[in-house]
Structures are given as C-alpha cells and as structure tokens.
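Here is a short report on one protein chain. Keep the sequence and the 3D view open while reading.

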Amino acid sequence: DGARSGNEGCDDGNASSGDGCSPGCTVEAGWKCSSVNGLRSTCATICGDGYRAPTEGCDDGNTKNADGCDANCNIEPGMACTAPIGEVSKCVSSCGNGYVSPDEACDDGNKNNGDGCSGACVVEQGFDCFAALGATSRCIVVRCGDGIASPAEGCDDGNTRNNDGCSSTCAVEPGWVCSSNVGTLSVCTLPKVCGDGILHPDEQCDDKNTLSGDGCNGCQLETGFDCSANLAATTTCVSVCGDGKRQLKEQCDDGNRTPNDGCSSTCTVEPGYGCTGTLTSTSVCQVVGTVPIITPPTPISTPASTPTFVTPTPSVISTPAALISPPSGATSDDDTLTLVLGIAGGILGGLLLLALAAYAFWKFCRTPPMVPPLSPTPVPPPPQIVSPPYSPASPVLETNPLMRGPLPPPPPVSQFRPALPAKEYYARPIGFGNPPI
C-alpha cells in the first residue's frame, strides 16, 4: 500500500522484485531502503558491496577507480566486466580496443607488433608509449634530441648538448628546471640561487657559499684569486701567490715568488724567518733572531803595492722581540741546535789553539841537545932512526953520499899507514834548512 508498517522491512508501493523491495516487502540483497513507518520506502543499490544489483553495471566489491569498475559501479573504458545479478563483478582489459586499462602498459587500438605496442599491449623495446587511462596510446621511437619528450626521458630540448638544462642523454641537469609535457619539446630554465654551487649566466662565480675571503663573495669575484667559470658548475677559486695580498690559505705573500727571502714561491714561511702582515696586505719577512752580516775584507793598495786588508765592523740586523722571543714555556729546536753547535765549536777552537801553541814552543823555544865532539885518533910518533957510526969503508955510504951511515932496515908496514884525521862534531839548532845530525 506504499506505507511501511512496523512488521514490514520496506514498502515501495508495488509487488515487483528487483527494485530493492521484494513482493513480500523485504529489502532485497544489494539494496538499501528507507525505513520510516507510514511512508513509502525508497530503495537504492549499495555500490561496492560486492553484490551486483540490476541497476549496477558492475560491482567489484570496492569503490576504487581504474580497476575496471569505478566508484559508481560503472564499467570503465577499455575494460570488460562480467557478473550475474547478485554476484561480485570481475573486470579484465580488452587489448587492442584503443582504451588503456589499468593492467595494460599501452593500447594503440590494434594487436600488431613492431609499432611500439605489441599484440599483448606491452611497450616494445626502443619505443615509448604514452596515453592517459581510457585513451589510445601513442608510441614513438625513443630518440634523444628529437624534441619530443617521452616518459623514458627526463627532458628533450631538441639537441644533445650539455650545460643547457637538458643533457646529451636527455636528463635534467642539476639546478635546472625543464618542462615535462610528454610528446612536446622541453623548455629548460635555470633559477638563480646564489650559493647553490651552480654558476648562472648572470653570476661571476658560485662556490656553494656566500662567504668572503675565499675568492667568491656573494657570487662576485674577489681580487687576488683565480677562479674557474664553467656554467652550471661549482666555481673553484685559488689564491694568487706573489701578488702582495695575503689570503686565508697563504702563510705569507711578499709580492714576489723569489725563494730564500722569507716567503717561498708557494707563499709559505721559510725556515728561520718570521713574517708579519694582515689579510690582503703585503707580508714583511725578517730573519728570526740577531744575525751578524760580515762582508769580506776589502784590499787597499799601498805605495809598496802590498795589499792591506781592512776588516769592516759587522752589521747587525735586529729582529722585533715578538719574533725573537718564543712563547712562555716553549722551547725552540733551532735555538737548542744553535747552542749545542756553539759549545762544540768553542771546544774545538780551544783545542786547536792549544795544539798551535805547543807546536810553536817546541819549534822555537826548546834547547837542542849538545853532542860532545869525538876524541881524535892518537897518531904514533915517527920511528927513531939510529945511524951507525960512520965508516969510510961502508959500501952504502959510497953509493949514497947523502946518508951518514948504512941504510936502516925498512920499518914495518903499519908504521907507514897514516892515522885518520879527527872528525869534527858540533851541535846546530834544528830548524828550517838544518837537517838533524
């Protein structure tokens, strides 16, 4: 009668089935009916309950889209859903119908191979297909630089150059933003962000910070540095040694690259020197300690052409006390070595002077030993010749009128051997030109 009473589940004013309220005034499966007593019941299907009602195209047990049966229990394009009334719907794609379904990678409206989308609706190698769900797929050959961006490409700006936002492999370069409209030409822009480490066309440098004193300050070059300038890359700056402007990474900079003047050719302080100077100023280097500088003697000609040497007075370079005195409690290795070498040199010098003095005393002051002369060999007296009494009858006297008597017998041979003369021995001082006796 169209008026629901207390013992009726529903009353839609008719005795037909399949409209939510059965002829026995009970709510049919898959339906929901209003239950106000005294009023006509209004019945509607329950989409997503897994019970397909006669007024539902499908009911897969949920209200999700893109699974063949949408949230309103309608069959989605490219899908085929089969289920009798009162059962759960099962939806499958139909490859080749020109509608991309959720379980299809592509659907170009046919089942031909070699056109980018195979007969099984799978994207073929070397191709890229793009289309929204429910639309027909468009497949192209993947070719970087053709100006048609595909889903497999991050971008395609119509060329294969680098440093323009889209690389030679069609990938978006760091710091760039490229349009990502599939099937169209990519347009890449480079947003300016100083300090992001990406050099923009209107920046002199970008070293990934905005600090000063490192060559790039606020994306502007600082003096005293050499900086790389590759577009879309991080700038690298190095200080210029020898320009007379000390930078943070330099120990000193005396305005040249000459070694052995306190500041080396690489702008480091050389051993034995101390350098002063603030940043961006020229360093002043001095020898650490007091070092005498003695110039060689200068010969002066005299009228007798005898060179006379004048020894100049040593000049002394004084170093400020801040460079000489080490910190309290600190010990300098150079000072210790200098002290040890000085003591050793003094000892060796003293020993040398003692040796020279001993030699001079031995040579000039000692009394040479006297050698007594040897006694001469005694000479025997000549033999005494005794003449016999004179006799006129001696035949010898007659033959030798000079003799007064007969000739004596010859003396022994030893009496005629002369004695060797005595050899003189005398003492002479030993010196240059006087060999020892």
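## Asn65 and its loop

Asn65 counts as exposed, at 51% relative accessibility. The cut-off for exposed is over 50%, so a value of 51% puts Asn65 in that class. This is a predicted model. Asn65 sits in the loop between strand E2 (43-45) and strand E3 (79-82).

What does Asn65 touch, not counting residues up to four places away in sequence? Its contacts are Asp70, Ala71 and Glu76. Pro102 is 37 residues from Asn65 along the chain, and the two C-alpha atoms are separated by 9.4 Å.

## The protein as a whole

The protein has 437 residues, and 26% of them count as buried. Its secondary structure comprises 3 helices and 18 strands. The exposed area is about 28,000 Å². Carbon and sulfur atoms supply 60% of that area.

Take the contacts in the protein with a separation of 6 or more. Residues 24 or more positions apart account for 29% of them.

## Confidence

The mean pLDDT of the protein is 76. A pLDDT of 70 or more is reached by 73% of the residues. Over residues 290-295, pLDDT stays under 50. The model has 12 contacts beyond four places in sequence for that stretch. Residues 393-399 also have pLDDT below 50. For residues 393-399, the model has 11 contacts beyond near neighbours in sequence.

## Val123

Val123 is found in the loop between strand E4 (90-93) and strand E5 (127-130). Is Val123 buried, exposed or partly exposed? It is partly exposed, with a relative accessible area of 30%. Partly exposed runs between the 20% and 50% cut-offs, which is why 30% places Val123 there.

Cys106 is 17 residues from Val123 along the chain, with 6.3 Å between their C-alpha atoms. Cys106 is also one of the contacts of Val123, leaving aside neighbours within four places in sequence. The others are Ala105, Gly116, Asp128 and Cys129.

## The largest nonpolar core

Which residues make up the largest nonpolar core? There are 9 in all: Cys155, Cys166, Cys170, Trp176, Cys178, Cys188, Leu190, Ile198 and Ala232. In soluble globular proteins, nonpolar side chains tend to be buried together. Ala232 contacts Trp176 and Ile198, and also Asn163 and Leu199, its neighbours within four places in sequence left aside.

Cys170 is buried, with a relative accessible area of 2%. That is under the 20% cut-off, so Cys170 falls in the buried class. Cys170 is located in the loop between strand E6 (138-141) and strand E7 (177-178). Its phi is near 60°, a positive value in a residue other than glycine. Most residues other than glycine have a negative phi.

## The loop between E8 and E9

Lys208 lies in the loop between strand E8 (188-189) and strand E9 (216-217). Lys208 is not a glycine, yet has a positive phi of about 75°. Lys208 is exposed, with a relative accessible area of 58%.

Leu211 lies in the loop between E8 and E9. At 57% relative accessibility, Leu211 counts as exposed. Leu211 touches Cys216 and Asn217, not counting residues up to four places away in sequence. Gly195 is 16 residues from Leu211 in sequence, and the pair are 9.1 Å apart, C-alpha to C-alpha.

## Cys241

Cys241 is placed in the loop between strand E12 (237-239) and strand E13 (273-276). Cys241 is buried, because its relative accessible area is 12% and the cut-off for buried is under 20%.

Which residues does Cys241 touch, not counting those up to four places away in sequence? They are Glu250, Asp253, Arg257, Ser264, Ser265, Thr266 and Cys267. Ser264 is 23 residues from Cys241 along the chain, with their C-alpha atoms separated by 9.5 Å.

## A nonpolar patch on the surface

Leu339, Ile343, Ile347, Leu348, Leu351 and Leu354 form a nonpolar patch on the surface. Together they have about 650 Å² of accessible area.

Where is Leu339? Leu339 is in helix H2 (residues 333-364). Leu339 is exposed, with a relative accessible area of 56%.

Conventions: Residues numbered from 1 in each chain as written. Predicted model: local features only at pLDDT ≥ 70, side-chain atom pairs only at ≥ 80, totals over all residues. Heavy atoms only, no water. Helix = DSSP H or I, 4+ residues; strand = E, 2+ residues; numbered from the N terminus. Buried < 20%, exposed > 50% of the residue type's maximum accessible area, 1.4 Å probe, protein only. Contact = heavy atoms within 4.5 Å. pLDDT = per-residue confidence, 0-100. Core = buried A, V, L, I, M, F, W, Y, C linked by side-chain atoms within 4.5 Å. Patch = residues over 30% accessible without salt bridge, like charges linked within 9 Å, V, L, I, M, F, W, Y side chains within 5 Å. Areas by Shrake-Rupley, 256 points an atom, 1.4 Å probe, with all protein chains shown as cover. Salt bridge = Lys/Arg side-chain N within 4 Å of Asp/Glu carboxyl O.
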